[in-house]
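User: Please take a close look at the shell of residues around the ligand. Then show me how some of the strands and helices are arranged.

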Amino acid sequence: MVERNVLSASDVTIEYPSHSVSPAFTAVKGFTLTVAPGEIVGLVGSSGSGKSTLAHVASGQAALRASKESSPRIIGGSLEVLGFEMRGIRRGKLGKLTLGVGYVAQDAGSKLTSNMTVAELVAEPLLLRDKRYDRHEAGLKAATLVDALLLPVGSMMKLPHELSSGQRQRVAVARGLILDPVLLIADEPTAGVDVSVRSAVVDVIAGLQRARGASALIISHDLDTLRRSADRVAVIHEGVVVGLGPIDDVLADPRHPYVVRLAEELNGDGLDDEEFDEDGFGEDGFGEDEFDGDDEADDDAVEDADEPEAADADDDPVGTLNPNDDETRGAR
Ligand SMILES: Nc1ncnc2c1ncn2[C@@H]1O[C@H](COP(=O)(O)OP(=O)(O)OP(=O)(O)O)[C@@H](O)[C@H]1O
(Lines give C-alpha, C1' and ligand atoms only; values in the text may rest on other atoms or scores of the structure.)
Protein backbone atom coordinates (compact mmCIF):
# COMPACT_ATOMS: atom_id res chain seq x y z
CA MET A 1 0.00 0.00 0.00
CA VAL A 2 1.31 3.45 -0.88
CA GLU A 3 1.72 5.58 2.23
CA ARG A 4 0.05 8.94 2.23
CA ASN A 5 2.29 11.98 2.00
CA VAL A 6 2.73 13.81 5.29
CA LEU A 7 2.55 17.09 3.39
CA SER A 8 0.89 17.65 0.07
CA ALA A 9 0.67 21.14 -1.37
CA SER A 10 -1.11 21.59 -4.66
CA ASP A 11 -1.13 24.97 -6.36
CA VAL A 12 -1.28 26.76 -3.00
CA THR A 13 -1.65 30.51 -2.90
CA ILE A 14 -1.23 32.30 0.43
CA GLU A 15 -2.13 35.88 1.15
CA TYR A 16 -1.60 38.33 3.98
CA PRO A 17 -4.95 40.11 4.29
CA SER A 18 -5.19 43.84 3.94
CA HIS A 19 -5.17 45.86 7.12
CA SER A 20 -5.14 49.54 8.03
CA VAL A 21 -2.99 51.12 5.32
CA SER A 22 -1.56 47.90 3.80
CA PRO A 23 -3.25 46.20 0.89
CA ALA A 24 -3.49 42.40 0.76
CA PHE A 25 -0.21 40.77 -0.26
CA THR A 26 0.20 37.44 -2.01
CA ALA A 27 3.33 35.86 -0.53
CA VAL A 28 3.07 32.38 -2.06
CA LYS A 29 1.74 31.67 -5.53
CA GLY A 30 0.79 28.28 -6.92
CA PHE A 31 3.14 26.34 -4.63
CA THR A 32 3.22 22.58 -5.23
CA LEU A 33 5.26 20.10 -3.15
CA THR A 34 4.96 16.75 -1.44
CA VAL A 35 6.84 15.35 1.55
CA ALA A 36 6.66 11.58 1.85
CA PRO A 37 6.87 9.60 5.10
CA GLY A 38 10.51 9.38 6.12
CA GLU A 39 11.55 12.03 3.60
CA ILE A 40 13.73 15.04 4.37
CA VAL A 41 12.94 17.94 2.08
CA GLY A 42 14.82 21.23 2.01
CA LEU A 43 13.12 24.48 1.11
CA VAL A 44 15.57 27.07 -0.18
CA GLY A 45 14.98 30.58 -1.40
CA SER A 46 16.00 34.18 -1.17
CA SER A 47 14.83 36.52 1.53
CA GLY A 48 11.16 37.34 1.15
CA SER A 49 10.47 34.42 -1.16
CA GLY A 50 7.72 33.03 1.08
CA LYS A 51 9.49 30.28 3.03
CA SER A 52 8.47 31.38 6.52
CA THR A 53 4.95 32.09 5.34
CA LEU A 54 4.65 28.51 4.12
CA ALA A 55 6.14 27.14 7.33
CA HIS A 56 3.77 29.22 9.41
CA VAL A 57 0.74 28.01 7.49
CA ALA A 58 1.80 24.36 7.12
CA SER A 59 2.62 24.03 10.83
CA GLY A 60 -0.82 25.28 11.82
CA GLN A 61 0.62 28.31 13.60
CA ALA A 62 -1.02 30.77 11.21
CA ALA A 63 -4.44 29.23 11.79
CA LEU A 64 -3.88 29.17 15.55
CA ARG A 65 -3.25 32.89 15.39
CA ALA A 66 -5.90 33.57 12.76
CA SER A 67 -7.54 36.22 14.88
CA LYS A 68 -4.45 38.36 14.39
CA GLU A 69 -5.00 40.59 11.38
CA SER A 70 -1.58 39.88 9.89
CA SER A 71 -1.89 36.09 9.86
CA PRO A 72 -1.45 34.63 6.38
CA ARG A 73 -4.24 32.50 4.94
CA ILE A 74 -4.63 30.08 2.07
CA ILE A 75 -6.77 31.61 -0.66
CA GLY A 76 -6.16 29.08 -3.44
CA GLY A 77 -5.26 25.45 -3.98
CA SER A 78 -4.95 22.79 -1.33
CA LEU A 79 -2.47 22.14 1.47
CA GLU A 80 -2.81 18.86 3.31
CA VAL A 81 -0.63 18.17 6.35
CA LEU A 82 -0.88 14.79 8.12
CA GLY A 83 -4.18 14.30 6.33
CA PHE A 84 -5.67 17.60 7.50
CA GLU A 85 -6.67 20.17 4.89
CA MET A 86 -5.14 23.39 6.14
CA ARG A 87 -7.38 25.67 4.11
CA GLY A 88 -10.07 26.76 6.52
CA ILE A 89 -8.99 24.24 9.19
CA ARG A 90 -10.93 24.52 12.44
CA ARG A 91 -9.52 24.68 15.95
CA GLY A 92 -10.55 21.16 16.91
CA LYS A 93 -8.59 19.70 14.01
CA LEU A 94 -5.68 22.03 14.66
CA GLY A 95 -5.29 20.46 18.08
CA LYS A 96 -4.96 17.04 16.46
CA LEU A 97 -2.62 18.33 13.77
CA THR A 98 -0.26 19.83 16.30
CA LEU A 99 0.07 16.43 17.98
CA GLY A 100 2.11 15.35 15.00
CA VAL A 101 3.79 18.46 13.66
CA GLY A 102 6.85 19.98 15.28
CA TYR A 103 7.65 23.57 14.43
CA VAL A 104 10.80 25.57 14.97
CA ALA A 105 10.21 29.21 14.12
CA GLN A 106 12.89 31.27 12.44
CA ASP A 107 13.28 33.37 15.59
CA ALA A 108 12.59 30.56 18.07
CA GLY A 109 16.02 30.81 19.66
CA SER A 110 15.45 34.42 20.58
CA LYS A 111 12.08 33.66 22.17
CA LEU A 112 13.09 31.07 24.70
CA THR A 113 11.77 31.78 28.17
CA SER A 114 14.54 33.76 29.78
CA ASN A 115 14.45 32.30 33.30
CA MET A 116 14.50 28.61 32.38
CA THR A 117 17.64 26.55 31.99
CA VAL A 118 18.41 24.71 28.78
CA ALA A 119 17.55 21.43 30.54
CA GLU A 120 14.15 22.79 31.54
CA LEU A 121 13.48 24.38 28.17
CA VAL A 122 14.21 21.25 26.19
CA ALA A 123 12.33 18.89 28.52
CA GLU A 124 9.36 21.20 28.98
CA PRO A 125 7.26 20.09 25.97
CA LEU A 126 7.27 16.51 27.33
CA LEU A 127 6.03 17.69 30.72
CA LEU A 128 3.45 20.01 29.20
CA ARG A 129 2.05 17.15 27.17
CA ASP A 130 2.03 14.74 30.07
CA LYS A 131 2.32 16.14 33.56
CA ARG A 132 3.10 12.67 34.91
CA TYR A 133 6.00 12.10 32.53
CA ASP A 134 9.01 10.91 34.48
CA ARG A 135 11.20 13.98 35.07
CA HIS A 136 14.38 11.97 35.13
CA GLU A 137 13.48 10.39 31.77
CA ALA A 138 12.63 13.81 30.38
CA GLY A 139 15.99 15.14 31.54
CA LEU A 140 17.84 12.24 29.94
CA LYS A 141 16.02 12.70 26.65
CA ALA A 142 16.76 16.42 26.73
CA ALA A 143 20.44 15.78 27.47
CA THR A 144 20.70 13.33 24.59
CA LEU A 145 19.30 15.90 22.16
CA VAL A 146 21.46 18.72 23.49
CA ASP A 147 24.49 16.52 23.06
CA ALA A 148 23.46 15.38 19.57
CA LEU A 149 23.05 18.99 18.49
CA LEU A 150 26.67 19.65 19.48
CA LEU A 151 25.89 22.11 22.22
CA PRO A 152 28.84 22.46 24.58
CA VAL A 153 29.11 20.31 27.68
CA GLY A 154 27.67 22.34 30.52
CA SER A 155 24.94 23.96 28.43
CA MET A 156 22.17 22.19 30.28
CA MET A 157 22.28 24.43 33.33
CA LYS A 158 22.68 27.66 31.41
CA LEU A 159 20.05 30.30 30.82
CA PRO A 160 19.32 31.47 27.25
CA HIS A 161 21.17 34.76 27.66
CA GLU A 162 24.31 32.81 28.53
CA LEU A 163 24.30 31.21 25.08
CA SER A 164 25.16 32.57 21.67
CA SER A 165 22.32 33.06 19.20
CA GLY A 166 23.30 29.94 17.27
CA GLN A 167 23.33 27.89 20.46
CA ARG A 168 19.90 29.22 21.41
CA GLN A 169 18.56 28.25 18.00
CA ARG A 170 19.84 24.71 18.60
CA VAL A 171 18.03 24.63 21.94
CA ALA A 172 14.88 25.56 20.02
CA VAL A 173 15.55 22.72 17.59
CA ALA A 174 15.91 20.29 20.51
CA ARG A 175 12.53 21.47 21.82
CA GLY A 176 11.04 20.90 18.39
CA LEU A 177 12.40 17.36 18.25
CA ILE A 178 11.77 16.13 21.78
CA LEU A 179 8.20 15.06 21.14
CA ASP A 180 9.21 12.88 18.19
CA PRO A 181 7.11 14.73 15.62
CA VAL A 182 5.85 12.89 12.55
CA LEU A 183 6.77 16.00 10.58
CA LEU A 184 9.24 18.61 11.79
CA ILE A 185 9.02 21.98 10.07
CA ALA A 186 12.20 23.83 10.92
CA ASP A 187 12.54 27.40 9.70
CA GLU A 188 16.22 28.31 9.48
CA PRO A 189 17.32 25.88 12.22
CA THR A 190 20.92 26.94 11.63
CA ALA A 191 20.34 30.69 11.81
CA GLY A 192 23.35 32.18 13.57
CA VAL A 193 25.03 28.77 13.84
CA ASP A 194 28.72 28.59 13.00
CA VAL A 195 29.21 27.55 9.41
CA SER A 196 31.40 24.66 10.57
CA VAL A 197 28.52 22.91 12.33
CA ARG A 198 25.53 23.97 10.24
CA SER A 199 25.49 20.83 8.14
CA ALA A 200 25.98 18.70 11.23
CA VAL A 201 22.91 20.26 12.87
CA VAL A 202 20.83 19.51 9.78
CA ASP A 203 22.30 15.98 9.73
CA VAL A 204 21.10 15.44 13.29
CA ILE A 205 17.59 16.60 12.46
CA ALA A 206 17.52 14.41 9.35
CA GLY A 207 19.06 11.43 11.13
CA LEU A 208 16.66 11.50 14.08
CA GLN A 209 13.63 11.92 11.88
CA ARG A 210 14.65 9.23 9.38
CA ALA A 211 15.45 6.76 12.15
CA ARG A 212 11.79 6.92 13.20
CA GLY A 213 10.39 6.96 9.67
CA ALA A 214 9.43 10.58 10.31
CA SER A 215 9.85 13.51 7.96
CA ALA A 216 11.22 17.02 7.96
CA LEU A 217 10.81 20.17 5.94
CA ILE A 218 13.95 22.18 6.58
CA ILE A 219 14.06 25.78 5.47
CA SER A 220 17.33 27.46 4.72
CA HIS A 221 18.90 30.25 2.74
CA ASP A 222 21.85 28.01 2.29
CA LEU A 223 21.77 25.12 -0.14
CA ASP A 224 25.16 23.88 1.00
CA THR A 225 23.80 23.30 4.50
CA LEU A 226 21.11 21.00 3.12
CA ARG A 227 23.25 19.21 0.61
CA ARG A 228 24.25 16.21 2.71
CA SER A 229 20.93 15.54 4.39
CA ALA A 230 18.01 16.48 2.21
CA ASP A 231 16.52 13.83 -0.07
CA ARG A 232 15.07 16.55 -2.24
CA VAL A 233 15.09 20.28 -2.31
CA ALA A 234 12.49 22.77 -3.46
CA VAL A 235 13.82 26.13 -4.56
CA ILE A 236 11.31 28.92 -4.10
CA HIS A 237 11.58 32.37 -5.60
CA GLU A 238 9.02 35.11 -5.13
CA GLY A 239 6.51 32.60 -3.83
CA VAL A 240 6.88 30.18 -6.75
CA VAL A 241 8.76 26.85 -6.91
CA VAL A 242 11.52 27.28 -9.52
CA GLY A 243 13.44 24.07 -8.89
CA LEU A 244 12.51 20.70 -7.37
CA GLY A 245 14.31 17.39 -6.98
CA PRO A 246 17.51 15.91 -5.55
CA ILE A 247 19.90 18.82 -5.03
CA ASP A 248 22.49 17.70 -7.53
CA ASP A 249 19.83 17.14 -10.21
CA VAL A 250 18.35 20.58 -9.59
CA LEU A 251 21.75 22.21 -9.84
CA ALA A 252 22.82 20.19 -12.85
CA ASP A 253 19.82 21.30 -14.86
CA PRO A 254 18.78 24.72 -13.60
CA ARG A 255 15.59 25.94 -15.22
CA HIS A 256 15.51 29.38 -13.62
CA PRO A 257 18.07 32.15 -13.22
CA TYR A 258 17.78 32.01 -9.46
CA VAL A 259 18.76 28.33 -9.50
CA VAL A 260 21.62 29.18 -11.88
CA ARG A 261 22.81 31.62 -9.28
CA LEU A 262 22.59 29.07 -6.46
CA ALA A 263 24.65 26.65 -8.53
CA GLU A 264 27.22 29.35 -9.17
CA GLU A 265 27.39 30.20 -5.48
CA LEU A 266 28.02 26.57 -4.59
CA ASN A 267 30.80 26.48 -7.16
CA GLY A 268 32.27 29.56 -5.54
CA ASP A 269 31.73 31.86 -8.49
CA GLY A 270 28.46 33.42 -7.43
CA LEU A 271 27.68 37.03 -8.06
CA ASP A 272 27.38 39.60 -5.33
CA ASP A 273 23.95 40.73 -4.31
CA GLU A 274 24.81 44.18 -5.62
CA GLU A 275 24.96 42.76 -9.11
CA PHE A 276 21.25 42.09 -9.01
CA ASP A 277 18.60 44.68 -9.23
CA GLU A 278 14.96 44.32 -8.37
CA ASP A 279 13.93 43.80 -11.96
CA GLY A 280 16.26 41.22 -13.24
CA PHE A 281 19.36 39.16 -13.28
CA GLY A 282 22.21 41.63 -13.57
CA GLU A 283 22.90 42.55 -17.13
CA ASP A 284 21.73 39.26 -18.53
CA GLY A 285 18.32 40.74 -18.88
CA PHE A 286 16.05 38.21 -17.21
CA GLY A 287 12.69 39.87 -16.90
CA GLU A 288 11.00 41.21 -13.84
CA ASP A 289 9.14 38.77 -11.61
CA GLU A 290 11.95 36.36 -12.18
CA PHE A 291 14.66 37.44 -9.85
CA ASP A 292 15.91 39.73 -7.19
CA GLY A 293 18.80 39.86 -4.78
CA ASP A 294 19.04 38.12 -1.48
CA ASP A 295 20.57 39.01 1.82
CA GLU A 296 21.67 35.61 2.99
CA ALA A 297 25.04 36.81 4.17
CA ASP A 298 23.29 38.57 7.04
CA ASP A 299 22.87 35.28 8.84
CA ASP A 300 26.47 34.24 8.77
CA ALA A 301 27.35 35.12 12.35
CA VAL A 302 29.99 32.85 13.82
CA GLU A 303 28.12 31.29 16.66
CA ASP A 304 30.75 30.06 19.01
CA ALA A 305 32.67 33.29 18.69
CA ASP A 306 29.57 35.29 19.57
CA GLU A 307 29.37 37.19 22.74
CA PRO A 308 26.42 35.84 24.72
CA GLU A 309 23.52 38.11 23.94
CA ALA A 310 20.74 39.24 26.20
CA ALA A 311 17.66 37.15 25.58
CA ASP A 312 14.64 39.08 24.42
CA ALA A 313 12.15 36.59 25.67
CA ASP A 314 10.33 38.75 28.12
CA ASP A 315 7.73 39.74 25.60
CA ASP A 316 6.93 36.17 24.65
CA PRO A 317 5.74 33.53 27.07
CA VAL A 318 6.84 30.71 24.79
CA GLY A 319 6.35 27.32 26.23
CA THR A 320 5.21 28.42 29.62
CA LEU A 321 1.49 28.64 28.97
CA ASN A 322 -0.47 26.89 26.29
CA PRO A 323 1.78 24.46 24.45
CA ASN A 324 -0.19 25.13 21.28
CA ASP A 325 1.06 28.69 21.34
CA ASP A 326 4.62 27.57 21.59
CA GLU A 327 6.80 28.74 18.72
CA THR A 328 9.13 25.82 19.30
CA ARG A 329 6.43 23.27 19.80
CA GLY A 330 6.93 19.68 18.82
CA ALA A 331 4.37 16.95 18.50
CA ARG A 332 2.15 16.32 21.43
N1 LIG B 1 2.58 40.15 8.20
C2 LIG B 1 2.83 40.38 6.90
N3 LIG B 1 2.01 41.17 6.19
C4 LIG B 1 2.22 41.40 4.87
N5 LIG B 1 3.25 40.87 4.17
C6 LIG B 1 4.10 40.08 4.84
C7 LIG B 1 3.95 39.80 6.23
N8 LIG B 1 4.95 38.97 6.61
C9 LIG B 1 5.70 38.77 5.51
N10 LIG B 1 5.19 39.42 4.45
C11 LIG B 1 5.73 39.42 3.08
O12 LIG B 1 5.58 38.12 2.53
C13 LIG B 1 6.71 37.82 1.72
C14 LIG B 1 7.28 36.50 2.15
O15 LIG B 1 7.82 36.67 3.46
P16 LIG B 1 8.48 35.44 4.22
O17 LIG B 1 8.81 35.90 5.59
O18 LIG B 1 7.62 34.25 4.09
O19 LIG B 1 9.81 35.24 3.35
P20 LIG B 1 11.07 34.32 3.66
O21 LIG B 1 11.36 33.61 2.39
O22 LIG B 1 10.84 33.48 4.85
O23 LIG B 1 12.19 35.41 3.94
P24 LIG B 1 13.44 35.32 4.95
O25 LIG B 1 14.35 34.31 4.35
O26 LIG B 1 14.00 36.70 4.91
O27 LIG B 1 12.92 34.93 6.28
C28 LIG B 1 7.67 38.99 1.83
O29 LIG B 1 7.52 39.81 0.70
C30 LIG B 1 7.21 39.71 3.07
O31 LIG B 1 7.44 41.10 2.95
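Analyst: What follows starts with the ligand and then turns to two strands and two helices. This is a predicted model, in which local features need pLDDT of at least 70 and side-chain atom pairs count only at pLDDT 80 or more, while totals for chains, interfaces and linings use all residues. Residues are numbered from 1 along each chain as its sequence is written.

A residue is near the ligand if its C-beta atom, placed from the backbone, lies within 6 Å of it. There are 14 residues around the ligand, and Tyr16, Ala27, Ser47, Ser52 and Thr53 come nearest. Two or more residues of the shell come from each of strand E2 (25–35) and helix H1 (51–58). H1 gives the largest share, 3 residues. Helices (H or I, at least four residues) and strands (E, at least two) are DSSP runs, numbered from the N terminus. By type, the shell has 3 nonpolar, 10 polar and 1 charged. Here Ala, Val, Leu, Ile, Met, Phe, Trp, Tyr, Cys and Pro count as nonpolar, Asp, Glu, Lys and Arg as charged, and the others, Gly among them, as polar.

Strand E6 (residues 101–104) pairs with strand E7 (residues 183–187) in the parallel sense over 4 bridges; pairing requires at least two bridges found by DSSP. Tyr103 has Ile185 in E7 as its bridge partner.

Helix H4 (residues 118–129) and helix H6 (residues 165–177) pack with their axes 7 Å apart, at an angle of about 30 degrees. Axes are lines fitted to C-alpha atoms, for helices over the stretch in contact, and angles run from 0 to 180 degrees between N-to-C directions. H4 and H6 are therefore roughly parallel to each other, a term for angles under 35 degrees.

Conventions:
Angles under 35 degrees count as roughly parallel, over 145 as roughly antiparallel, 65 to 115 as roughly perpendicular and the rest as oblique.
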